[in-house]
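Here is a friendly walk through one protein model, from its pockets to its cores and helices. Keep the structure open beside you as you read.

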Amino acid sequence: MPPKILCLHGSGTSATIFRIQAIRLSRILQSHFELVYVDGFVDTEPGPGVLPFFEGMEPYKRWLTDKDGHEERPWPDLEKLVEVFNRNGPFVGIIAFSQGAKAATHLVRWLEHRGQQLDFAALFGGTVPFRLEVGGERWAELIKPTIITRSIHVIGDDDPWRSESEALMDHYDKPSRTLIRFKGGHHMPVDPAINERLAKLIIACHAESNDI
């Protein structure tokens, strides 16, 4: 069986929609990994850019209510995500978009606190845990200890959530993180060259972690 990657969608979409959004990358990775797409826990309205292309593909889901940040102290549904992780794994890494990257960060930190480490976390247009505290007095404490799992941060130059994606990098150890920027907004990259680069990096992270 090929190694598994957990795939977490953004807010207001679903596992089915993310499978379509990530198809350019998954086509390259599918000969190396099994990509496992799962649904968020909270029913919601369709997210930014979802309509009209994904109209009629309800239910739309999200991971956190995400209104004021207080639901993250602690995030009450983290145990549900851990259960999904354990039931559907084992996983060698995560691919996550937008709010899914925030959920992934909570999960990766939880794993590290328990002595478990994935080969990589690839985070696309990620929103950030504790976003109300970014740049504030408590920010330095909230990001400690920084996550040592190898992280790949993919950020569109025109993404309206770009500042959150950049702040998300603070949660990850600088020597073990990689930043890839692309021309575009809040979406998965469409450029074949970017997707080839990302796939090679993901494959290399897994190989290096397992001496392949």
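The residues that line the largest pocket of this predicted model fall into 8 nonpolar, 11 polar and 4 charged. The pocket itself has a volume of about 410 Å³, and Ser11, Pro48, Phe97, Ser98 and His186 are the closest to its centre among the 23 lining residues. Helix α4 will come up several times below, in a pocket lining and in a nonpolar core.

**The second largest pocket**

- The second largest pocket has a volume of about 150 Å³.
- Its lining is made of Leu78, Thr105, His106, Arg109, Trp110, His113, Arg114, Pro129, Phe130, Glu141, Leu142 and Lys144.
- Two elements, α4 (99–113) and α5 (139–142), each give two or more residues to this lining.
- Which element gives the most to it? That is α4, with 5 residues.
- Sorted by class, the lining of the second largest pocket holds 5 nonpolar, 3 polar and 4 charged residues.

**The nonpolar cores**

- As a general background, nonpolar side chains tend to be buried together in soluble globular proteins.
- The largest nonpolar core has 33 residues, and those that touch the most other members are Leu6, Leu8, Trp63, Ile94, Leu107 and Leu123.
- Elements giving two or more residues to this core are β1 (4–8), β2 (34–38), α3 (78–88), β5 (91–97), α4, β6 (120–124), α5 and α6 (162–168).
- The largest share of this core comes from α4, which supplies 6 residues.
- Leu8 shows how such a residue is surrounded: beyond its neighbours within four places in sequence, Leu8 is in contact with Phe18, Val38, Trp63, Leu81, Ile94, Ile95, Ala96, Phe97, Gly100, Ala103 and Ala104.
- Another core, of 27 residues, lies apart from the largest one, and its members include Leu25, Ala122, Val154 and Ala199.

**Helix α4**

- Helix α4 is mostly covered, with 12 of its 15 residues buried.
- Those buried residues are Gln99, Gly100, Ala101, Lys102, Ala103, Ala104, Thr105, His106, Leu107, Val108, Arg109 and Leu111.
- How well does the length of α4 fit its number of residues, and what should its 15 residues span? At 1.5 Å a residue the expected span is 21 Å, and the end C-alpha atoms are 22 Å apart, which agrees.
- Thr105 is found in α4 and is buried or exposed? With a relative accessibility of 1%, Thr105 falls under the 20% cut-off and therefore counts as buried.
- Leaving out neighbours up to four places away in sequence, Thr105 is in contact with Leu123, Pro129, Ile147, Leu168, His171 and Tyr172.
- Just after α4 comes Gly115, which takes a positive phi of about 80°.

**Helix α7**

- Helix α7 covers residues 192–209, and Asn195 lies in it.
- The 18 residues of α7 should span 26 Å at 1.5 Å a residue, and its end C-alpha atoms are 26 Å apart, so the two values agree.
- Buried residues in α7 are Ile194, Asn195, Leu198, Ala199, Leu201, Ile202, Cys205, His206 and Ala207.
- What covers these buried residues of α7? The covering elements include β1, α2 (23–29), β5, β6, β7 (151–156) and β8 (177–182).
- Asn195 has a relative accessible area of 3%, so Asn195 is buried.
- Setting aside its neighbours within four places in sequence, Asn195 is in contact with Arg24, Leu25, Ile28, Pro189 and Val190.

**Two more residues to look at**

- Ala15 is found in helix α1 (residues 15–21), and with a relative accessible area of 8% Ala15 is buried.
- Not counting neighbours within four places in sequence, Ala15 is in contact with His9, Tyr37, Val38 and Asp39.
- Ala15 and Val36 are 21 residues apart in sequence, and their C-alpha atoms are 8.8 Å apart in space.
- Pro59 has its place in the loop between β3 (42–44) and β4 (60–62).
- Beyond residues up to four places away in sequence, Pro59 touches Thr13, Ser14 and Asp43.
- From Pro59 to Arg27 there are 32 residues along the chain, and 25 Å separates their C-alpha atoms.

How values were computed:
Residues numbered from 1 in each chain as written. Predicted model: local features only at pLDDT ≥ 70, side-chain atom pairs only at ≥ 80, totals over all residues. Heavy atoms only, no water. 1 Å grid on protein atoms, 1.4 Å probe; cavity = no way out; pocket = protein on both sides within 12 Å on 5 of 7 lines; lining within 4 Å. Points joined across faces, edges and corners; volume = space filled by probe spheres on them. Nonpolar A, V, L, I, M, F, W, Y, C, P; charged D, E, K, R; others polar. Helix = DSSP H or I, 4+ residues; strand = E, 2+ residues; numbered from the N terminus. Core = buried A, V, L, I, M, F, W, Y, C linked by side-chain atoms within 4.5 Å. Buried < 20%, exposed > 50% of the residue type's maximum accessible area, 1.4 Å probe, protein only. Contact = heavy atoms within 4.5 Å. Expected span 1.5 Å × (residues − 1).
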